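Student: Could you take me slowly through one part of this structure, and then show me how a single residue sits within its surroundings? I would like one connected explanation rather than a list.

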Amino acid sequence: MKPAVTLLLLALSTPAAAQSAAPMAVAAPPKIELAYTQFTLPNGLTVILHEDHSVPVVSTNMWYHVGSARERPGRTGFAHLFEHLMFMGSGHVKPGEFDDWLERSGGTNNGSTENDRTNYWINVPSNALELALFLESDRMGYLLESMTPKTVDAQRDVVKNERRQSYENRPYGSADLALGEMLYPDGHPYHWPVIGYMPDLTAASYDDVVEFFKKYYAPGNASLVVAGDIEPVSARALVEKWFGDVKRGANVEPMTIPGVALTGVQKKSMTDKVQLQRIYLAWLTPAHFAPGDAALDMVADELAGGKNSRLYKRLVYDMQIAQDVSAYQASQALSSYFLIQATARPGHTAEELQKVIDEEIVKLQTTAPSAHDFERSVNQIEASFYNRMERVGGFGGKADQLNAYFTATGDADYFNEDLARYRALSPSDIRAAAAKFLPKDARVELTVLPEGAK
């Protein structure tokens with residue numbers, strides 16, 4: 001899934017005839033103004049406040065700067081396990097009360113885990129802000145006071161069942177597990193799946209889990225955004241009240257991972273309980289915000305972004321040999337990957353799809369998209385961005401975007417810099433990115449076949 005806040009762009013208004021190798025000349029766009037206040041508590045917690053009185057709702061959005069990449073071989077799945085444990089009660093909140101109190105106040109909450117971070121958000125009516133801050137601070141500072149070996153064992157079983165449902169017993173789910181292993185070598189932090197391996201989940205002791213929490217789930221390794229119908233001075237006082245007594249924790253060392261590259265074609269076929277063949281083509285690509293990352297977002301849209309895209313039109317509409325096709329740049333902190341995925345229609349094969357996909361990639365590598373197609377991609381990205389900007393809380397809302405920018409760049413107000421990455425592109429940049437980053441001789445080729453197929 002595409003991490004939040006990577007596709008930010010304003011519409012270009014260049015006439016269709018104005019295609020050139022240089023960036024397309026456009027009027028300077030209005031700057032995005034998202035006022036916020038930022039401060040750091042003595043314990044190291046970074047706090048970002050954004051005032052928005054459009055609706056009487058407030059969102060708390062906590063990002064812990066730890067994901068599955070901070071695990072190690074033989075001890076995987078811990079970050080995702082804590083996504084579950086953080087809802088199971090804390091020092092002053094009995095099991096079940098977290099959700100019960102929020103529901104009574106009209107609130108909702110959720111969390112997610114990725115390679116590079118774990119996040120938790122709570123949306124409540126603005127008069128329930130203090131409740132949200134109390135609950136969030138209690139599980140940060142006092143989770144271990146209520147966590148027991150029995151609690152860990154219960155959530156361990158829940159995670160194992162989730163792995164079975166989401167991967168092992170879901171059609172094509174095993175392919176998602178295989179892709180990371182094929183793209184990244186043994187020992188690389190992105191080699192293992194976020195959900196972890198079954199033997200590792202089984203072998204993890206209670207002490208292992210406690211050690212992981214103490215190291216990474218502390219104020220100095222987290223950032224909190226409070227956004228919505230707030231008054232910043234009083235909101236700051238509430239944050240200081242509830243988080244001020246949480247202990248800082250040890251400093252977390254930065255990750256220093258050697259570069260990784262595919263030197264040839266990694267090819268694999270696997271069977272699954274499916275009816276149709278599917279092909280996955282994947283490449284290692286530049287990290288989030290590195291040169292080339294934004295251009296590859298545009299490459300993905302040019303290839304498979306909607307019914308007028310090259311691959312959809314050719315595979316699904318014209319030739320009618322595919323059920324579906326998608327492409328995206330999966331931007332990540334250490335290394336990204338670019339993925340094309342297509343499912344064959346009955347009577348057709350993954351090999352047929354791969355042949356056509358390669359033909360379209362070569363066309364894009366040799367001929368830049370038209371100005372019309374380029375602007376279509378821009379407009380789709382723009383619409384996606386502004387849809388997110390209309391929401392305060394939840395996944396991808398303004399609170400989430402502020403935290404994502406802060407985590408990735410150290411600057412919560414990175415909206416306009418992000419926009420500038422896309423505005424600087426031209427059709428020839430899209431061609432060049434496809435040529436540079438999607439070579440046919442250095443990629444992963446994974447085919448899923450129905451059970452019983454050769």
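Tutor: In this predicted model, Asp-324 has Thr-343 in strand S10 as its bridge partner. That pair belongs to two strands, S9 (residues 322-330) and S10 (residues 336-344), which run antiparallel and are joined by eight bridges. The passage from S9 to S10 is a hairpin of five residues. As background, strands of a sheet pair through backbone hydrogen bonds, and they may do so in a parallel or an antiparallel way.

With that pairing in mind, we can turn to a sheet. Six strands form an open sheet in the order S1-S2-S6-S3-S5-S4, and the pairing among them is mixed. Strand S1 (37-40) and strand S4 (108-113) stand at the edges, where each has a single partner strand, so one side of each is left without a neighbour in the sheet. From one strand to the next, the twist averages 15°. At the S4 edge, S4 and S5 run antiparallel and are joined by six bridges, and within this pairing Thr-108 has Asn-123 in S5 as its bridge partner. Helix H3 (residues 129-142) packs on the sheet, where it touches strand S3 (57-64), S5 and strand S6 (222-228), and the direction of H3 makes about 15° with that of S3.

Now for the single residue, which is Asn-119, placed in strand S5 (residues 118-125). Is Asn-119 buried or exposed? The relative accessible area of Asn-119 is 0%, and because buried means under 20%, Asn-119 counts as buried. Leaving aside residues up to four places away in sequence, Asn-119 touches Met-62, Trp-63, Asn-110, Gly-111, Ser-112, Phe-395 and Asp-400. With one of these, Asp-400, the side chain of Asn-119 makes a side-chain polar contact of 3.2 Å, and another polar contact, of 3.3 Å, joins the side chains of Asn-119 and Arg-117.

Finally, a word on how far to trust what you see. The mean pLDDT of the chain is 91, and 93% of its residues reach 70 or more. Over residues 1-26, however, pLDDT stays under 50, although the model has 91 contacts beyond four places in sequence for these residues. Where pLDDT is low, the predicted coordinates should not be read in detail.

Notes. Residues are numbered from 1 along each chain as its sequence is written. This is a predicted model: local features need pLDDT of at least 70, side-chain atom pairs count only at pLDDT 80 or more; totals for chains, interfaces and linings use all residues. Side-chain values use heavy atoms; hydrogens and water are left out. Two strands pair if DSSP finds at least two bridges between them. Helices (H or I, at least four residues) and strands (E, at least two) are DSSP runs, numbered from the N terminus. Buried means under 20% relative accessible area, exposed over 50%, partly exposed in between (1.4 Å probe, protein chains only). A polar contact is a pair of N or O atoms within 3.5 Å; within protein, one must be able to donate a hydrogen and the other to accept it, and residues adjacent in sequence count only if both atoms are side-chain atoms. Contact means heavy atoms within 4.5 Å. Axes are lines fitted to C-alpha atoms, for helices over the stretch in contact, and angles run from 0 to 180 degrees between N-to-C directions. pLDDT is the predictor's confidence in each residue, from 0 to 100.
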